[in-house]
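Thanks for making time this morning. I would like to walk through one structure with you, starting from a single residue and working outwards to the chain as a whole.

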Amino acid sequence: MHTIHRLTLEDALIMLEAAEAEAARIGVRQTICVADDGAHPIALHRMTGARLTGVEIAIAKAFTAAGHQRATHLFNEEPGGPALPGNEAFGIQHMHPGRFAAFVGGFPVVFDGQVIGAVGVSGGNGDQDKAVGAAALAAFERKVAPRAS
C-alpha cells in the first residue's frame, strides 16, 4: 500500500511566514506561492510593493517544481541542465506556455521521500529567491521533523 501525504493550508502559512521574514531580512519584496502535489496553489502572498508580475511567475515556479519534482534552476544549471541548448529538454518551457519556469525560484517540498508540493518565489535575484525559498522549506522541515519517518 502507498501512503500519500498532503500539504495543508497550515503548512503553507508557516512556509509563507518564514519566507516573508527572510525576504524582509534581506530587503527584497517577494511574491511566494505554495502549491500542492498537483501543482495547484494552496496559498499565495505578495508582499507590499512586490512586482505585479511576480504573482504569475511565483505560481509558474511552484507549478514547475511540483510537476517535475525538482528545483527549477536545475533545468538550466551547467553543465548538464536538461533545458540548456542541445540537451534533451531544450525548449520544454514551450510545452506549458506561461506556466513552466526553467529558471531559479521553484523548489519542491519533500516529506518522507515524496514530493508533496512546491514553493515558488519571485521578486529578487537568483540568490535572493533561493534564500527565501530555503527559509520556507526550513520552516516546513521544522514543523514536520518530529513526524517524519
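Let us begin at Val 119, which, leaving aside residues up to four places away in sequence, touches Met 15, Ile 32, Cys 33, Val 34, Ala 62, Gly 105, Gly 106, Phe 107, Val 109, Gly 133, Ala 136 and Leu 137. Please keep in mind that what you see is a predicted model.

Where does that residue belong? Val 119 is part of the largest nonpolar core, which has 22 residues, and together with Met 15, Val 34 and Phe 140 it touches the most other members. The elements that each give two or more residues to this core are helix H1, at 9-26, strand S1, at 31-36, strand S3, at 106-111, strand S4, at 114-122, and helix H3, at 126-144. Helix H1 supplies the largest share, with 5 residues. There is also a second, separate core of 9 residues, and among its members are Cys 33, Ala 35, Ala 58 and Ala 65. As a general remark, nonpolar side chains in soluble globular proteins tend to be buried together.

Now I would like to move to another place, Ala 101, which lies in the loop between helix H2, at 54-68, and strand S3. Is Ala 101 buried or exposed? Its relative accessibility is 1%, and because buried means under 20%, Ala 101 counts as buried. If we again leave aside residues up to four places away in sequence, Ala 101 touches Ala 60, Lys 61, Thr 64 and Thr 72. Of these, Lys 61 is 40 residues from Ala 101 in sequence, yet the two are 5.2 Å apart in space, counted from C-alpha to C-alpha.

Let me step back to the whole chain, which has 3 helices and 4 strands, running α-β-β-α-β-β-α from the N terminus on. The radius of gyration is 15 Å, close to the 15 Å that the globule rule gives for 149 residues, so the chain is as compact as a globular protein of that length. Along the principal axes, the C-alpha atoms fill a box of roughly 45 × 45 × 25 Å.

Of the 149 residues, 47% count as buried, and among contacts between residues at least 6 apart in sequence, 62% join residues at least 24 apart. The accessible surface comes to about 7800 Å², with 55% of it belonging to carbon and sulfur atoms. Finally, the chain has 12 positive and 15 negative charges, and their mean positions are 4 Å apart.

Technical notes: Residues are numbered from 1 along each chain as its sequence is written. This is a predicted model: local features need pLDDT of at least 70, side-chain atom pairs count only at pLDDT 80 or more; totals for chains, interfaces and linings use all residues. Side-chain values use heavy atoms; hydrogens and water are left out. The radius of gyration is taken over C-alpha atoms; the globule rule is 2.2 Å times the number of residues to the power 0.38. Buried means under 20% relative accessible area, exposed over 50%, partly exposed in between (1.4 Å probe, protein chains only). Contact means heavy atoms within 4.5 Å. Accessible areas come from the Shrake-Rupley method with a 1.4 Å probe; for residues, only the protein chains shown count as cover. Lys and Arg count as positive and Asp and Glu as negative; His and the chain ends are not counted. The place of a charge is taken as NZ of Lys, CZ of Arg, CG of Asp or CD of Glu. A nonpolar core is a set of buried Ala, Val, Leu, Ile, Met, Phe, Trp, Tyr and Cys residues joined through side-chain atoms within 4.5 Å.
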